[in-house]
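Biologist: Could you take one part of this model and walk me through it closely? I'd like to see what sits on the surface there, and then how that part ties in with the rest of the chain.

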Amino acid sequence: MTGWALRDAGFRREGLLRGWQQVGDRRRDMAVYALLNTDGPVDGRAVTAH
């Protein structure tokens, strides 16, 4: 998923892992997103809990 899709789904960007993953012959940065059951609604939408 892209960062935009994750944010639209209510996930929040929490960090950046610099040089985290090898892709081909290059090291790439990876963004970290998370969603907790305790996070409040995003843009007026409810967060569902399981």
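Modeller: Let's start with Leu 17, which you'll find in strand 1. Keep in mind as we go that this is a predicted model. Leu 17 is partly exposed, at 31% relative accessibility. A nonpolar residue has to be over 30% to be taken into a surface patch, so Leu 17, at 31%, gets past that cut-off. Its partners in the patch are Trp 20 and Val 32. Put the three together and you have a nonpolar patch with about 270 Å² of accessible area. For the whole chain, the accessible surface is about 4300 Å², and carbon and sulfur atoms account for 53% of that.

Now stay with strand 1, which covers residues 12-23, and go to Arg 12. Which residue does the side chain of Arg 12 meet in a salt bridge? That's Asp 39, with 3.8 Å from N to O. The cut-off for such a pair is 4 Å, so 3.8 Å makes the list. Side chains of opposite charge can pair when their charged atoms come close. Searching the whole structure turns up one salt bridge, and this pair spans distant parts of the chain: Arg 12 belongs to strand 1, while Asp 39 comes in the segment after strand 2 (26-34), 27 residues apart.

Are the two ends of that bridge buried or exposed? Asp 39 has a relative accessible area of 15%, which is under 20%, so Asp 39 counts as buried. Arg 12 comes out at 39% and is partly exposed. For context, 12% of the chain's 50 residues count as buried.

Next door to Asp 39 in the numbering is Gly 40, also in the segment after strand 2. Gly 40 is partly exposed, with a relative accessible area of 30%. From Gly 40 to Gly 10 you count 30 residues in sequence, yet their C-alpha atoms are 9.1 Å apart in space.

Stepping back, the chain has one helix and two strands, running α-β-β from the N terminus. Just ahead of the helix, in the segment before helix 1 (3-8), sits Thr 2. Thr 2 is partly exposed at 48% relative accessibility. Thr 2 and Ala 31 are another pair split by sequence: 29 residues apart along the chain, 9.9 Å from C-alpha to C-alpha. As for contacts in general, take those between residues at least 6 apart in sequence: 23% of them join residues at least 24 apart.

One last thing, about rings. How many aromatic pairs are there? The count is zero. What you do get is a charge over a ring, with Arg 7 lying over the face of Trp 4 at 4.5 Å from the ring centre.

How values were computed: Residues numbered from 1 in each chain as written. Predicted model: local features only at pLDDT ≥ 70, side-chain atom pairs only at ≥ 80, totals over all residues. Heavy atoms only, no water. Helix = DSSP H or I, 4+ residues; strand = E, 2+ residues; numbered from the N terminus. Buried < 20%, exposed > 50% of the residue type's maximum accessible area, 1.4 Å probe, protein only. Patch = residues over 30% accessible without salt bridge, like charges linked within 9 Å, V, L, I, M, F, W, Y side chains within 5 Å. Areas by Shrake-Rupley, 256 points an atom, 1.4 Å probe, with all protein chains shown as cover. Phe/Tyr/Trp six-rings, centres within 6.5 Å; stacked < 30°, edge-to-face > 60°. Lys NZ or Arg CZ within 6 Å of the ring centre and 35° of its normal. Contact = heavy atoms within 4.5 Å.
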